[in-house]
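Here is a set of exercises to work through with the model on your screen. Try each task first, then follow the solution step by step.

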Amino acid sequence: MTVAGTGTATALLQRRFSSALMANYGIPPVAIVTGRGSRVWDADGREYLDLIAGIAVSCLGHAHPAVVEAVTRQVASVAHTSNLFLHEREIELAERLLGLLGADGRVFFTNSGTEANEAALKLVRRFHRARRAGRADRTDRCGHRYVVAAEGGFHGRTMGALALTGKAQIREPFGPFGVDVRFVPYGDVAALTAAVSHECGAVFIEPALGEGGVVPAPDGYLRTARDACDEVGAVLVIDEIQSGIGRTGIWFAHQHDGIRPDVLTLAKGLGGGLPIGACVGLGRFGSVLAKGDHGSTFGGNPVACAAALSVLDVIEREGLLGHAARTGDKLRSGIAAISHPLLAGVRGRGMWLAAVLTRPVAATVEAACREAGFLVNAVQPDAVRLAPPLILAADEADTFLSALPVVLDQVETAVGATEAGGRS
Ligand code: PLP
């Protein structure tokens, strides 16, 4: 990791950060001060091409005039109502999302992805409990025995969402949880089918592992999940918190597979930088939660909803789905065409890709990219994630593609020197 020089503005902010904020994020290497389009500037005036967009969030880039205008107008009108009162932006946004899904249903708005999954977990419990109430075959207090999720999957950090998260090193220090989760290897059709028995209440699945390294599901995997759930009456919850809102060149990644979830969770790109998430219950799953079952003071607040509406407008108006698909293809094929001993290949689709490395040096590649003026993310030890704004221009993608071989050469030299030093 590059450390800012001791006298720099970044170094000063890092010192203040480390004494005022909890240590859970370590000390971030860059202090972002401002952004415009796909570019950001740090506290020392350095410019970066932002190819990670706040972890797949800032889908219209930074300071998009439509988001600025929508948020400014809303905050100058009414910023907050609470759920004691309704406001039209929230209704409009729910209607728009259901329209994009081409489905009946209902939406519950949250402030984050993890909260959207918490809402989905409660919905699953409510659904099974109501279904089995009064029946002799009641299996347990929740109405089902367990839920299924994927090894390597990520669903959030609160206690329910964390229970679903298939990364032992971040989950296990915080157990036990109130949910029995059975993990299956991601993409393994036979393991998934075998795990979804009559005692399974739900399957929580990402269309591609995001935090797991942008690992797409094999063709037919989501269809298998759909069929397995239908077979036993389990709820299919698709977590599109990272993949949704155009990231893969289509509104929702599951639409590539032509299936329909029972519950869809969203966040990240939805607010274009403002905090908002959604738990969408499709069809009868929209009517599971009843009055008093769930709530959030800030969830669906007018400012976040106004931002989200402007995001959907701009994506539609500017044809950003097609643009993301084309620019993503350009990035993907450009990376695939690079022949370098450190590069094993590329995976993902649209503006959601991972450059896969032959060695676990992703953190060094991330740092070298940063030095070269590109923000990327070492999502796994051997995978570097790109999740740029959907507005990324073709020439910006080209700039990165021309720089990448040089960056990889630098990393190879640095790694070689470290190894030689270690041997001497
Ligand atoms: N689900 C997925 C697939 C995610 O990628 C994330 C965050 O990275 C979450 C859930 C949690 O979202 P949040 O960090 O907004 O709580």
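**Exercise 1. Find how many disulfides the whole structure has, and work out why C200 and C229 are not joined by one.**

Step 1. Start with the cut-off: a disulfide is a pair of cysteine sulfur atoms within 2.5 Å. In chemical terms, a disulfide is a covalent bond between the sulfur atoms of two cysteines.

Step 2. Search the whole structure, and you get 0 disulfides.

Step 3. Now look at C200. Its sulfur has its closest cysteine sulfur in C229, 6.2 Å away, and that is too far for a bond.

Step 4. Check how enclosed the two cysteines are. Buried means under 20% relative accessible area, exposed means over 50%, and partly exposed is in between (1.4 Å probe, protein chains only). C200 is buried at 1%, and C229 is buried at 0%.

A word on what you're looking at: this is a predicted model, where local features need pLDDT of at least 70 and side-chain atom pairs count only at pLDDT 80 or more, while totals for chains, interfaces and linings use all residues. Residues are numbered from 1 along each chain as its sequence is written, and side-chain values use heavy atoms, with hydrogens and water left out.

**Exercise 2. Locate the largest nonpolar core and say which helix gives the largest share of it.**

Step 1. Know what counts: a nonpolar core is a set of buried Ala, Val, Leu, Ile, Met, Phe, Trp, Tyr and Cys residues joined through side-chain atoms within 4.5 Å.

Step 2. The largest one has 91 residues, and the residues with the most contacts inside it are L93, L97, V203, I205, I245, I315 and F400.

Step 3. Helix α10 (residues 302-317) supplies the largest share of this core, 10 residues. Helices (H or I, at least four residues) and strands (E, at least two) are DSSP runs, numbered from the N terminus.

Step 4. Zoom in on F400. Contact means heavy atoms within 4.5 Å. Setting aside residues up to four places away in sequence, F400 touches L51, L331, C369, F374, V376 and L386.

Step 5. There's another core apart from the largest one: it has 20 residues, including A119, V147, L164 and V235.

**Exercise 3. Describe how helices α4 and α10 pack.**

Step 1. Helix α4 covers residues 88-101, and its axis lies 9 Å from that of α10, at an angle of about 35 degrees. Axes here are lines fitted to C-alpha atoms, for helices over the stretch in contact, and angles run from 0 to 180 degrees between N-to-C directions.

Step 2. Name the residues that touch. On the α4 side they include L93, L97 and L100, and on the α10 side they include A308, L309 and L312.

Step 3. A handy rule for reading such lists: an α-helix has 3.6 residues a turn, so residues three or four places apart point the same way.

**Exercise 4. Work out where T248 sits and what its side chain meets.**

Step 1. T248 is in the loop between β10 (235-239) and β11 (263-266).

Step 2. With a relative accessible area of 5%, T248 is buried.

Step 3. Its contacts, leaving aside neighbours within four places in sequence, are S243, A253, H256, R349, G350 and W352.

Step 4. One of these gives a polar contact: the side chains of T248 and H256 meet at 3.0 Å. A polar contact is a pair of N or O atoms within 3.5 Å; within protein, one must be able to donate a hydrogen and the other to accept it, and residues adjacent in sequence count only if both atoms are side-chain atoms.

**Exercise 5. Find the polar partner of R226's side chain.**

Step 1. Go to helix α9 (residues 221-232), where R226 is found.

Step 2. At 8% relative accessibility, R226 is buried.

Step 3. Its side chain makes a polar contact of 3.0 Å with the side chain of D262.

**Exercise 6. Is A53 buried or exposed, and what about I55?**

Step 1. Both belong to helix α2: A53 lies there (residues 53-56), and so does I55.

Step 2. A53 is buried at 0%, whereas I55 is partly exposed at 37%.

Step 3. Look at the backbone too. A53 has a positive phi of about 50 degrees though it isn't a glycine, and I55, also not a glycine, has a positive phi of about 60 degrees.
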